[in-house]
Amino acid sequence: MPDNTITTEDLIRATERSRLAALVEADIATAAIHHGTEFQLITPIGAALNRDEYLGAVGDGHIDYLVWEPGPISVRLHGDAACLRYQADLEVVFGGHPLPRARYWHTDLYEFLDGRWQVVWSQATQIR
């Protein structure tokens, strides 16, 4: 009989995939559930955005994700914190300027907050 146990790592991977799908769809209500109140993104160009700035930019179309396809997601779990790392294909329109589809490294720190896993830090680096 196969073991169908969902691990915490699997749950975190599924949460990250749900977060990415919400961002591509600009579903801010769902995206907000996955982002901690102290969330901060460091963009590939080195800009720092807090939760409201980031989700606001996605919601108003300033950041328009067309494609965000993650590959395998590695998870390192330490109690109520987890670090994720993966490569993803990303295509985005930023401030009305289309950026060509490219590959990025993503590193995310999740914490177990308010009864669910939420991302609190995120950083993306383009692979050249």
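In this predicted model, histidine 78 sits across from alanine 81 of β5. The two belong to a stretch where strand β4, residues 74-78, runs antiparallel to β5, with five bridges holding the strands in register as a pair. Together β4 and β5 make a hairpin, and just two residues separate them. One of the turn residues, glycine 79, has a positive phi of about 60°.

β5 turns up again in the charged contacts. Six salt bridges are found in the structure, and several of them share partners: Glu69, Asp89, Arg101 and Arg103 are tied together in a network. Within that network, glutamate 69 and arginine 101 meet through their side chains, at 2.5 Å from N to O. This contact spans distant parts of the chain, since glutamate 69 belongs to strand β3 and arginine 101 to strand β6, 32 residues apart. Arginine 101 also bridges to aspartate 89, where the closest N and O atoms are 3.7 Å apart. Here too the pair links distant parts of the chain, with aspartate 89 in strand β5 and arginine 101 in strand β6, twelve residues apart.

How much of this trio is open to solvent? Glutamate 69 has a relative accessible area of 42% and so is partly exposed. Arginine 101 is partly exposed as well, with a value of 42%. Aspartate 89, at 22%, falls in the partly exposed class too, because the buried class takes in values under 20%.

A rather local salt bridge is found in helix α1, residues 8-24, where arginine 19 and glutamate 16 are three residues apart, or about one turn of the helix. The closest N and O atoms of arginine 19 and glutamate 16 are 2.9 Å apart. Is this pair buried or exposed? Arginine 19 has a relative accessibility of 1%, so it counts as buried. Glutamate 16, at 0%, is buried too.

Turning to the rings, the structure has three aromatic pairs. One of them joins tyrosine 65 and tryptophan 68 in a tilted arrangement, with 4.7 Å from centre to centre and 45° between the planes. Tyrosine 65 and tryptophan 68 are both buried. Another pair brings together phenylalanine 112 and tryptophan 117, whose centres are 5.3 Å apart; with the planes at 65°, this pair is edge-to-face, because angles over 60 degrees fall in that class. The two partners differ in exposure: phenylalanine 112 is partly exposed at 36% relative accessibility, whereas tryptophan 117 is buried at 7%.

That leaves the empty space. The largest pocket holds about 500 Å³, and 24 residues line it. Nearest its centre are Thr43, Pro44, Ile45, Leu99 and Tyr104. Which elements supply the lining? At least two residues each come from α3 (51-59), β3 (63-70), β5 (81-94), β6 (97-113) and β7 (116-126). Of these, β6 gives the largest share, with five residues. As for its make-up, the lining of this pocket counts 18 nonpolar residues, five polar ones and one charged one.

How values were computed:
Residues numbered from 1 in each chain as written. Predicted model: local features only at pLDDT ≥ 70, side-chain atom pairs only at ≥ 80, totals over all residues. Heavy atoms only, no water. 1 Å grid on protein atoms, 1.4 Å probe; cavity = no way out; pocket = protein on both sides within 12 Å on 5 of 7 lines; lining within 4 Å. Points joined across faces, edges and corners; volume = space filled by probe spheres on them. Helix = DSSP H or I, 4+ residues; strand = E, 2+ residues; numbered from the N terminus. Nonpolar A, V, L, I, M, F, W, Y, C, P; charged D, E, K, R; others polar. Pairing = 2+ DSSP bridges. Salt bridge = Lys/Arg side-chain N within 4 Å of Asp/Glu carboxyl O. Buried < 20%, exposed > 50% of the residue type's maximum accessible area, 1.4 Å probe, protein only. Phe/Tyr/Trp six-rings, centres within 6.5 Å; stacked < 30°, edge-to-face > 60°.
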